[in-house]
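Hi everyone, thanks for coming. Please pull up the sequence and the structure on your screens, and let's walk through them together.

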Amino acid sequence: MYAASPYWRFEAERPARKSVVRLRKAAIAVGMTILIAFALARTAVGEGPTGLVSYRVQPGDTLWSIAAARYPDSDVRQKVGDIERDNGLSSPMIVPGEVLRLPAG
């Protein structure tokens with residue numbers, strides 16, 4: 001009497017297959033790995049997104065000698081001030097092995 005009509009069947013949506021889900025997760029993981037590798041490679045080269053270049057202080061280096069060697073055509077006093085500002089230095093004291101961020105240009 002109240003039997004369901006064969007033309008009106010309810011079919012639930014099937015969940016995604018496990019293999020499709022795994023493939024999707026693998027694709028996302030590969031994409032994220034590529035992005036992270038690209039970002040690390042860019043950082044390793046030394047030039048970051050802000051136009052700064054990394055420089056490791058060598059024994060005998062001073063801010064003045066670094067600025068004079070790196071920017072021969074610029075005012076050395078201005079470049080020393082830029083280096084101090086970019087690195088948050090309160091004095092011109094630097095130690096060997098310290099990594100400084102230098103303006104690219």
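Look at R77 and R85 in helix 3: both are exposed, on the other side of the helix from its buried residues. Keep in mind as we go that this is a predicted model.

So which residues of helix 3 are buried? They are V76, K79, V80, D82, I83, D86 and N87. Looking down the axis of helix 3, you would find these buried residues within an arc of 160 degrees, so they line one face of the helix.

What do the buried residues of helix 3 pack against? Their partners are strand 1, which covers 52-56, helix 2, at 63-70, and strand 2, at 99-103.

Here is a little check you can do yourselves. Helix 3 runs over residues 76-87, which makes twelve residues, and at 1.5 Å a residue it should span 16 Å. Its end C-alpha atoms turn out to be 17 Å apart, which agrees. Just after the helix comes G88, with a positive phi of about 65 degrees.

Now let's step back for the whole protein. There are three helices and two strands, and the order along the sequence is α-β-α-α-β. Of the 105 residues, 20% are buried. The protein exposes about 8,800 Å², and 61% of that comes from carbon and sulfur atoms. If we take contacts between residues at least 6 apart in sequence, 57% of them join residues at least 24 apart.

Back to helix 3, because two of its buried residues deserve a visit. The first stop is K79, which sits in helix 3. Is K79 buried or exposed? It is buried, because its relative accessible area is 12%, and the cut-off for buried is under 20%. Now look at Y71: K79 lies over the face of its ring, 4.7 Å from the ring centre. You might also wonder about rings pairing with each other, and how many aromatic pairs there are in the whole structure. The search finds zero. One more thing on K79: I66 is 13 residues away in sequence, and their C-alpha atoms are 9.3 Å apart in space.

The next stop is D82, also in helix 3. With a relative accessibility of 11%, D82 counts as buried too. Its C-alpha atom is separated by 8.1 Å from that of L102, and the two residues are 20 apart along the chain.

Let's move over to helix 2. Its buried residues include L63, I66 and A67. Seen down the axis of helix 2, the buried residues fall within an arc of 95 degrees, so they line one face of the helix. They pack against strand 1, helix 3 and strand 2. Notice that helix 3 is on that list, just as helix 2 was among the partners of helix 3.

My pick from helix 2 is L63. It counts as buried, at 3% relative accessibility. Which residues does L63 touch, if we leave out those up to four places away in sequence? The answer is V80, I83, E84, L89, P92, I94 and L100. Take P92 from that list: it is 29 residues from L63 in sequence, yet their C-alpha atoms are 6.5 Å apart in space.

Another name on that list is L89, so where does L89 lie? You will find it in the loop between helix 3 and strand 2. Setting aside neighbours within four places in sequence, L89 is in contact with L63, E84, I94, E98 and L100. For L89 and L100, the separation is eleven residues in sequence and 10.0 Å in space, C-alpha to C-alpha.

To finish, try tracing this on your screens. Start at L63 in helix 2, go across to V80 and I83, which L63 touches, and then to L89 in the loop. From L89, step to L100, one of its contacts, and you will see that L63 touches L100 as well. Thanks for listening, and I'm happy to take questions!

Definitions and conventions:
Residues are numbered from 1 along each chain as its sequence is written. This is a predicted model: local features need pLDDT of at least 70, side-chain atom pairs count only at pLDDT 80 or more; totals for chains, interfaces and linings use all residues. Side-chain values use heavy atoms; hydrogens and water are left out. Helices (H or I, at least four residues) and strands (E, at least two) are DSSP runs, numbered from the N terminus. Buried means under 20% relative accessible area, exposed over 50%, partly exposed in between (1.4 Å probe, protein chains only). Contact means heavy atoms within 4.5 Å. Accessible areas come from the Shrake-Rupley method with a 1.4 Å probe; for residues, only the protein chains shown count as cover. The expected span of a helix is 1.5 Å times one less than its number of residues. The arc is that of the directions from the helix axis to the C-beta atoms. Rings of Phe, Tyr and Trp (its six-membered ring) pair if their centres lie within 6.5 Å; planes under 30 degrees apart count as stacked, over 60 as edge-to-face and the rest as tilted. A charge sits over a ring if NZ of Lys or CZ of Arg is within 6 Å of the ring centre and within 35 degrees of the ring normal.
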